[in-house]
Amino acid sequence: MKRKLNEIKVLVTRNIPVLGVEMLRKEGFSVTAWSLERPMTEQELIAESKKHNVILCVSADNIGTNFINTCSHLEMISQFAVGYDNIDVPLATKLGIPIGYAPGAMNEATADIAFGLMIAVGRKFFYMHKGILKGEWTYFKPNANLGIEFNNKTLGIFGLGRIGMAMARRCKGAYNMNIIYCNRKPNLEAEKLYGAKQVSFDELLRQSDVISVHSVMSKETKEIFNKDAFNKMKHSSIFINTARGGIHNEKDLMEALNSGTIRGAGLDVTNPEPMKQDNPLLEMENVCILPHIGSATIEARNEMSRMAAENIISYYRNNTVPNIVNPEVLVK
């Protein structure tokens, strides 16, 4: 006999925009929403999840092997994020637990951050602002504070998916940048719209004036931007990462910046995260760092909330998940 929706208990693990929570309650689900600003501890997360059928979680939650083994009763996991490297997907799949996520919700917001960081690094925005606070804005110096322009430069995109496409559109439209990319498979749409050219990882490193990272975090991409990679980049190049901090080796990046191996870096993600306030990168002239705010717009966060809720609603209404990581679990 099919259960009533009010018999299905959903735990929302973080204080997210209310849109998704209201959608779930309107459908009749029994929803427990974590109301504190601080995150749950791992012990609290497990204890609360044991009382529920479904969790709506965020990418900062550790939904790893221990959690899933302990909470193997869960009927579904819906993630308030586009990434899902915090989840042990193979184990959840083995246990038949569908995983929903929210791809596309933050395309424009994250691409804005990548584009903004590129300009900020090129013109030393953050460092120049700090100079004003220190009283260093004095008189006009024709050869001081010089940055670079991006017209007709080469943008290399590592991971040309939805967000990478939005970045390519901005750079092509604003600066007529030449677009090259490194991807697991060709992106024919990008090649048609922006004249993008697929290249090897080594070619991406050697040819790019700006490298913008938009790939998923995986075993293959973990710290792929390391000393060897930075040494292959142009001395005049800029490294931008708005994807996952673990994709670059932060010690190697710092050395590359200090030695002049590359021109600069713009990070919305760090390794580790959060970054300590005494990290030397924060004081460097050629570095701009933000506290992982790629999706931090009203529009993006509301859409993430909506999509995460819609995945749950659709699963229990129709046995479908509009945005699913492991569709094989739904195949009967």
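What follows is a chat between a trainee and a mentor about a predicted model of a protein.

Trainee: Let's start with the overall fold. How many helices and strands does the secondary structure of the protein come to?
Mentor: Keep in mind that this is a predicted model. Going by the DSSP runs, the tally is twelve helices and twelve strands.

Trainee: What radius of gyration does the protein have, and what would a compact globule have?
Mentor: The C-alpha atoms fill a box of roughly 75 × 45 × 30 Å along the principal axes. For 332 residues, a compact globule would come out near 20 Å. The protein agrees with that, at 22 Å.

Trainee: What share of the residues is buried?
Mentor: A residue is counted as buried when its relative accessible area is under 20%. On the outside, the protein exposes about 16600 Å², with carbon and sulfur atoms supplying 52% of that area. As for the 332 residues, the buried share is 52%.

Trainee: Which residues does Ser49 contact, leaving aside its neighbours within four places in sequence?
Mentor: Ser49 sits in helix α2, which spans residues 42-49. Its relative accessibility is 0%, so Ser49 counts as buried. Past those neighbours, its contacts are Leu11, Ile55, Phe67, Cys71, His73 and Leu74.

Trainee: Is His235 buried or exposed?
Mentor: Look in the loop between α10 (227-232) and β10 (238-241) to find His235. With its near neighbours in sequence (within four places) left out, His235 still touches Gly260, Thr261, Ile262 and Arg263. Its relative accessible area is 59%, and the cut-off is over 50%, so His235 is exposed.

Trainee: What separates the C-alpha atoms of His235 and Arg206?
Mentor: Along the chain, these two are 29 residues apart. In space, the separation between their C-alpha atoms is 9.9 Å.

Trainee: What share of the contacts with a separation of 6 or more comes from residues 24 or more positions apart?
Mentor: Contact here means heavy atoms within 4.5 Å. Taking the contacts in the protein with a separation of 6 or more, residues 24 or more positions apart account for 63%.

Trainee: On to the backbone. Which peptide bond is cis with omega near 5 degrees?
Mentor: Head for the loop between β11 (264-267) and β12 (287-289), where Pro272 is found. The cis bond leads into that proline, running from Asn271 to Pro272.

Trainee: And what is omega for the bond joining Glu273 and Pro274?
Mentor: Pro274 is in the loop between β11 and β12. The bond joining Glu273 to Pro274 is cis, with omega about 0 degrees.

Trainee: What is phi of Lys124?
Mentor: Lys124 is in the loop between α5 (107-122) and α6 (125-133). Its phi is positive although the residue is not a glycine, with a value near 55 degrees.

Trainee: What about phi of Asn152?
Mentor: Asn152 is placed in the loop between α6 and β6 (154-158). At 54% relative accessibility, Asn152 counts as exposed. Here too phi is positive in a residue other than glycine, near 65 degrees.

Trainee: Last one: how many residues line the second largest pocket, and which lie nearest its centre?
Mentor: That pocket has a volume of about 420 Å³. Its lining divides into nine nonpolar, three polar and four charged residues. The lining is made up of 16 residues, and those nearest the centre are Met128, Glu136, Trp137, Thr138 and Asn145.

Conventions. Residues numbered from 1 in each chain as written. Predicted model: local features only at pLDDT ≥ 70, side-chain atom pairs only at ≥ 80, totals over all residues. Heavy atoms only, no water. 1 Å grid on protein atoms, 1.4 Å probe; cavity = no way out; pocket = protein on both sides within 12 Å on 5 of 7 lines; lining within 4 Å. Points joined across faces, edges and corners; volume = space filled by probe spheres on them. Nonpolar A, V, L, I, M, F, W, Y, C, P; charged D, E, K, R; others polar. Helix = DSSP H or I, 4+ residues; strand = E, 2+ residues; numbered from the N terminus. Rg over C-alpha atoms; globule rule 2.2 N^0.38 Å. Buried < 20%, exposed > 50% of the residue type's maximum accessible area, 1.4 Å probe, protein only. Areas by Shrake-Rupley, 256 points an atom, 1.4 Å probe, with all protein chains shown as cover.
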